[in-house]
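Okay, thanks everyone for coming. I'd like to walk you through one model today, starting with where two chains meet and then moving on to a pocket.

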Amino acid sequence: MKVDARAFALPLALIVMAEIGARAHGPSDSLAPPSAIAAAFLEALSDGSLLIATRDTLASAFAGLLVGGAIGLSLGVALGAVPALNRALEAAIELTRPIPSVALVPIALVALGFGYRLEIAIVAYACVWPLLLLTRAAVAGVEPRLIEVARALRLNPLARVVKIVVPAALPRIFVAFRLAAGVALIVAVTVEIAVNPIGLGAGIMTAGQALRPELMLAYLVWIGLVGFALNALLVLAQQRLFGRAAQVAEAP
Amino acid sequence: MRSLRDRLLGVVVLALLVALWQIVANLKLVSPVYLPGPDRAFTALVHGLAASDLGAKLMGTIEHMIEGWLLASIAGIALGALIGASSQARAFIAPTLEFLRPLPASAIIPVAIAVFGLSPAMALGVIAFGAIWPMLLATIHGFAAVEPRLYEVAAALRLSRPAVIFKIALPSALPDILAGLRLGLTVALILAVVCEMIAGLNGLGNWVLLSARMFRSADLFAGVILLGAVGFVGALALNIAERRLLAWRAP
């Protein structure tokens, strides 16, 4: 990947301007100069609070991604492979899907209480949809001749799905998985900010309420870095694993 | 198009699922503290709209969502057109935007609270910031992906720069922009709910959280059903708009 030097001009200019502006303005309860943010970041990193919060957030996000992803994947394969089932459940899915994930937070709060389970449940709900919809489309779009091959080989339905359909749809399923991973992190942080007292979202809320803008902004920068790194990692994995196939799958 | 029979089948299955929900609730397989039956949820919905302030909460949420979304759409498309129209600007600005995009928009809520306080302005800022990315990036991408020969045609016709933007680049970017608008509306609804929960603003987010705190599960479900309805109607409206606006494209 070629990096254009011009890409760094804008962020550097913004950081310098923020530093000058914040220093000229004097101490504030809501914003802080980048140098103070960097200091607060190093402090939170060295006392371990940042790493513990990151672990909590990522653990919940990945657990939710696994649960929701598994549900979405199996439903997607079933609905894509059996058109009658898809037609039967279409109305139910179309009416459930628009319910925003955060709207379920209060229900999960009453049923599960604060903690990991609440967050995992909400993340799982949010991750079901990208995998369900994209897997369904990918499975329904599998080259018909491959299905004919499976028939000719007299594969039973399970073997047909495991040996033919899923491998053929795999590049597009991985794209869905990548999108769902991004969703998982966003939803995990959102749940933490809204109600759940663990993880990065709770950390940034606490820093804001404690009137420590430098720590709050350090958390914000860190959350941005984590999101960026996760996305970059998954894009890299996708290119390594599937190469051009994944790019073709993403095109439509 | 799907046939009438398929639609009927979908509705029947939906009715069966609701009936199953009712049976589960009636048999108290799940504690009624968490799970009211559809009958109780529906009664709470009707009662809330007729006698309580559920209607006002609904309007509050729709207002937050639409205001933030409109602001984000206008700013996103305008900024996207400015950035996308110049390859210089793209080289300088686009990488920073790509870096900011995966940032969970809700993470700026504490910052917005520190700057604006627990006010509607805070919600507007957060929703607009969160919902701007799909529109902004879609517009930049749409402008960058215009068929080069169209620009040659524009040069041959000696079109002015605004004319190129409005007659060639924007229509060509329209499919991307519409997809961005749809995604932005979803984000706007989610952020509206979160802001209402945190800042106690008038809206369904506040309603569902308070209902949960008071263990009034029927009211809670009524709020969630309404939120689903808002999301559904919003997506439907944009789908219809998309079909109208893109009617000129080959299907």
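Before the contacts, one bit of vocabulary: when I say salt bridge, I mean a side-chain nitrogen of Lys or Arg within 4 Å of a carboxyl oxygen of Asp or Glu. And keep in mind that this is a predicted model.

So, which residues pair up that way across the two chains? Arg87(A) and Asp6(B) do, with their closest N and O atoms 3.0 Å apart. The count between chain B and chain A is one salt bridge. Around that, 47 residues of chain A are in contact with 48 residues of chain B. Together the two chains bury about 4000 Å², and 82% of that is on carbon and sulfur atoms.

Now the pocket. I'm talking about the second largest one, which holds about 1600 Å³ of space. It has 39 lining residues, and the closest to its centre are Thr96(A), Ile99(A) and Tyr125(A), plus Trp21(B) and Phe221(B). Chain A gives two or more residues from each of H3, H4, H5 and H6, and chain B does so from H1, H2 and H10. Which helix gives the most to this lining? That's H6(A), with seven residues.

On the chain B side, domain 1 (1–30) and domain 2 (36–245) each supply at least three residues to the lining of this pocket.

And what is the lining like chemically, nonpolar, polar or charged? The split is 37 nonpolar, two polar and no charged residues.

That's my tour, happy to go back to any part of it.

How values were computed. Residues numbered from 1 in each chain as written. Chains lettered and ligands numbered in written order. Predicted model: local features only at pLDDT ≥ 70, side-chain atom pairs only at ≥ 80, totals over all residues. Heavy atoms only, no water. 1 Å grid on protein atoms, 1.4 Å probe; cavity = no way out; pocket = protein on both sides within 12 Å on 5 of 7 lines; lining within 4 Å. Points joined across faces, edges and corners; volume = space filled by probe spheres on them. Helix = DSSP H or I, 4+ residues; strand = E, 2+ residues; numbered from the N terminus. Nonpolar A, V, L, I, M, F, W, Y, C, P; charged D, E, K, R; others polar. Domains from an automatic or database assignment. Contact = heavy atoms within 4.5 Å. Buried area = accessible area lost by both parts, 1.4 Å probe.
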